[in-house]
Amino acid sequence: MLRQLSQRLPFFYGWVIIAVAFVSMALAVNARTAFSLFFPPILDEFGWERGLTAGAFSFGFLVSAAMSPLMGRVMDRYGVVPVLQAGVFCVSGGLMLAASASQVWHVYLSLGVLVGAGSVCLGYTGHGLFLPAWFVQHRGLAVSIAFAGVGVGSIFLLPGLQTLIERSDWRNACWWLGILVFIVLAPLNLLVRRRPESLGLIPDGKTVDGSPGGVRRSLRIVDPQWAATDWTLARAIRTARFWWLSAALFLGLYAWYSVQVHQTRYLLEIGFDAVTAAWALGLVSLVGIPGGIALGWLSDRVGREQVWYIGCGGFVLTYLLLMALGNTPTPWLLGAMVLAQGLIGYGTTSVSGTIPADIFEGRHYGAIFGTISIASISGGALGPWLTGYIHDKTGSYTLAFWIAIMASLASAVCIWRASPGKIRAVPGRARDTD
């Protein structure tokens, strides 16, 4: 049935894949982001140290990092549905188990390991394994639209969760979010396929036999020798580009998740109320929708590196504005911080899945991207823990924020060294040189 439908509507089935990914990102990634909302009431209820509690988020990321190469290999061999459905069971199960937590290891297991690992399967890493295969000409735009689901989900889920936390408690919020993830995503993920070829299609909506469905275009090859290489994981890890790319993603996610986990608590400490802090967290992702889509579209025209630089600059500005808020906690500065983080900083998400594909596209891409994800997820794990640890030791976030600024700047340098544009020129650049 799926094959018949896809061959009748070849161009549109690619966008069905994008739509499913959009919904999955909206729920699963925000289930992980919701840790920022659960964080304050958990601290208040148990009185644990901030670094220890935030470490649950980080520990879950570390476990996810260890399983990422396996996830890529499983998807290469068995398809995308088993990976996505495992993510659904982990996220929903973890959230519902968290509702019964009474000790710190319970939080580490539920909100840390299960929700963290499941959201990696359903989030940027899991979808980054197969989404680029469905599009070439509009790869940056398509992936950024799918990833924009995070913003839509955040504006509906996060303020609602905060209201439920205040009217009931954080345990009920965990329970109902777990149920929602399961009943929506378990059936929806059955529509997804690993590659368009499995349905008789090729990227950009054309059937294999050449019937109408769009014109396939490819990125212009700049380095024929590199592009012609059959990249296996063993070959990839012997290249400098692999390590520059891994370092860029590690540092970029360090900066991103440091602010995401600690932002709500920081805003509460400097004088904002809980509802405002929750709305700020949601609005960051909301304004990230037009920002991410616009920057994804731009990456198809000017190059992936340039958009990564813009995103890193957005996070630098975010941390500078957060420090300014500590001295002058005004609504206009808060709004500026939200815009810097969401509208500009989230530009990194629009190309985080396309840059690795532009460099190492091929039969073994799943294993390569899964291994690269060890670095990115490890950065996302280290950021929240180290930021909390520094606060526990110094009584302030200032030093941690400066470290995150340095990480953002270093990430931009690493992407410059990886240089995906020196392998394949994006369609906009290709037209300039044709």
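The questions and answers below go through the cavities, a pocket and a surface patch of this predicted model.

Me: What is the volume of the largest cavity, and how many cavities of 30 Å³ or more does the structure hold?
Reply: The structure holds seven cavities of 30 Å³ or more. Among the 16 residues that line the largest cavity, those closest to its centre are Tyr-124, Thr-125, Leu-253, Ser-352 and Ser-376. The volume of this largest cavity is about 190 Å³.

Me: Which helix gives the largest share of the lining of the largest cavity?
Reply: Two or more residues of this lining come from each of helix H7 (124-128), helix H13 (240-269) and helix H19 (365-394). By class, the lining of the largest cavity divides into ten nonpolar residues, five polar residues and one charged residue. The largest share of the lining, five residues, is supplied by H19.

Me: Which helix gives the largest share of the lining of the second largest cavity?
Reply: About 80 Å³ of space lies in the second largest cavity, and of its 14 lining residues Phe-147, Ala-148, Gly-288, Tyr-346 and Thr-349 lie nearest its centre. Helix H8 (139-147), helix H9 (149-167), helix H14 and helix H17 (347-352) each supply at least two residues of this lining, which divides into seven nonpolar, seven polar and no charged residues. The largest share, five residues, comes from H14.

Me: Is Val-275 buried, partly exposed or exposed?
Reply: Val-275 belongs to helix H14, which spans residues 274-302. In sequence Val-275 and Gly-160 are 115 residues apart, while in space their C-alpha atoms are 9.9 Å apart. Because its relative accessible area is 37%, which falls between the 20% limit for buried and the 50% limit for exposed, Val-275 is partly exposed.

Me: How many charged residues are in the lining of the second largest pocket?
Reply: The second largest pocket has a volume of about 160 Å³, and of the 14 residues that line this pocket Met-67, Met-71, Val-83, Ala-86 and Cys-121 lie nearest its centre. Helix H4 (50-78), helix H5 (80-98) and helix H6 (104-122) each supply at least two of the lining residues. By class the lining has twelve nonpolar residues and two polar residues, and the number of charged residues is no more than none.

Me: Which helix gives the most to the nonpolar patch?
Reply: Leu-317, Leu-320, Trp-402, Met-406 and Leu-409 make a nonpolar surface patch of about 460 Å². Leu-317, placed in helix H15, is partly exposed, with a relative accessible area of 37%. Helix H15 (304-327) and helix H20 (398-418) each supply at least two residues of the patch, and the helix that gives the most, with three residues, is H20.

How values were computed. Residues are numbered from 1 along each chain as its sequence is written. This is a predicted model: local features need pLDDT of at least 70, side-chain atom pairs count only at pLDDT 80 or more; totals for chains, interfaces and linings use all residues. Side-chain values use heavy atoms; hydrogens and water are left out. On a 1 Å grid over the protein atoms alone, a cavity is a set of points where a 1.4 Å probe fits but cannot get out, and a pocket is an open set with protein on both sides within 12 Å along at least five of seven lines; lining residues have an atom within 4 Å of a point. Grid points are joined across faces, edges and corners, and a volume is the space filled by probe spheres set on the points. Helices (H or I, at least four residues) and strands (E, at least two) are DSSP runs, numbered from the N terminus. Ala, Val, Leu, Ile, Met, Phe, Trp, Tyr, Cys and Pro count as nonpolar, Asp, Glu, Lys and Arg as charged, and the others, Gly among them, as polar. Buried means under 20% relative accessible area, exposed over 50%, partly exposed in between (1.4 Å probe, protein chains only). Patches are made of residues with over 30% relative accessible area and no salt bridge: like charges are joined within 9 Å, nonpolar side chains (Val, Leu, Ile, Met, Phe, Trp, Tyr) within 5 Å. Accessible areas come from the Shrake-Rupley method with a 1.4 Å probe; for residues, only the protein chains shown count as cover. A salt bridge is a side-chain nitrogen of Lys or Arg within 4 Å of a carboxyl oxygen of Asp or Glu.
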